[in-house]
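Please open the model in your viewer and keep the sequence panel beside it, with a selection tool ready. This tour moves from stop to stop, saying what to select and what is there.

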Amino acid sequence: MKKTRFEWDEEKDLENQAKHNVSFSLAQYAFLDPGRVIAEDIDHSSEEERFYCIGRVGEGIMTVRFTYRNDVIRIYGAAYWRKGRKIYEEENKI
């Protein structure tokens with residue numbers, strides 16, 4: 001069984017931490033939530049497919065923007081967005 005790996009651009013991670021107070025290393029935990037929601041990011045997909053992973057991290061619901069390349073999840077954005085929380089709650093009947 002192949003183990004899924006994560007990667008990200010270090011500069012983008014620092015920008016995300018400054019803007020949203022969320023590190024990409026923390027964002028990985030959204031993928032471990034059994035109730036996570038994966039949705040295609042149709043607004044930002046141009047040359048490659050992009051997705052959202054919405055899952056519980058700590059006490060909040062985090063939205064992680066990512067793409068999937070050669071068995072690697074590449075994170076390029078993460079935050080605790082209200083819209084993601086709403087989708088998560090609807091999908092999980094909370």
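**Salt bridges**

Begin by selecting Arg 74, which counts as partly exposed at 21% relative accessibility, where buried means under 20% relative accessible area, exposed means over 50%, and partly exposed lies in between, calculated with a 1.4 Å probe and protein chains only. Before going further, note that this is a predicted model, in which local features need pLDDT of at least 70 and side-chain atom pairs count only at pLDDT 80 or more, while totals for chains, interfaces and linings use all residues. Residues are numbered from 1 along each chain as its sequence is written, and side-chain values use heavy atoms, with hydrogens and water left out.

Now add Glu 7 to the selection, and look at the two side chains, which meet in a salt bridge of 3.1 Å, N to O. Because Glu 7 lies in strand E1 and Arg 74 in strand E5 (residues 72-79), this pair ties together parts that are 67 residues apart in sequence. A salt bridge here is a side-chain nitrogen of Lys or Arg within 4 Å of a carboxyl oxygen of Asp or Glu, and the strands and helices are DSSP runs numbered from the N terminus, with at least two residues for a strand (E) and at least four for a helix (H or I). Glu 7 is also partly exposed, at 28% relative accessibility.

The structure holds 6 salt bridges, so which residue should you select to find Arg 69 paired with a partner? Select Glu 48, whose closest O atom is 3.0 Å from the N atom of Arg 69 in their salt bridge. Arg 69 lies in strand E4, whereas Glu 48 lies in the loop between E2 and strand E3 (51-57), so the pair ties together parts that are 21 residues apart in sequence. Salt bridges that share partners join Glu 48, Arg 50 and Arg 69 into one network, and the bridge between Glu 48 and Arg 50 has an N to O distance of 3.9 Å.

**Inside the strands**

Next, select Thr 63 in strand E4 (residues 60-69): is this residue buried or exposed? Thr 63 counts as buried, with 3% relative accessibility. Leaving aside neighbours within four places in sequence, its contacts (heavy atoms within 4.5 Å) include Tyr 52, Ile 54, Gly 77 and Trp 81.

Follow that contact to Gly 77, which is placed in strand E5 and is buried, with a relative accessible area of 5%. Besides Thr 63, Gly 77 is in contact with Asn 16, Phe 24, Val 64 and Arg 65, again leaving aside neighbours within four places in sequence. If you display C-alpha atoms, you will find those of Gly 77 and Trp 8 separated by 9.3 Å, although these residues are 69 residues apart along the chain.

Then move to Phe 6, which is in strand E1 and is partly exposed, with a relative accessible area of 26%. Not counting residues up to four places away in sequence, Phe 6 touches Gln 28, Phe 31, Val 72, Ile 73 and Ile 75.

**Out on a loop**

For the last stop, select Leu 32, which lies in the loop between helix H2 (24-27) and strand E2 (37-40) and counts as exposed at 63% relative accessibility. Finish with Asp 9, which lies in the loop between strand E1 (5-7) and helix H1 (10-20) and is partly exposed, with a relative accessible area of 35%.
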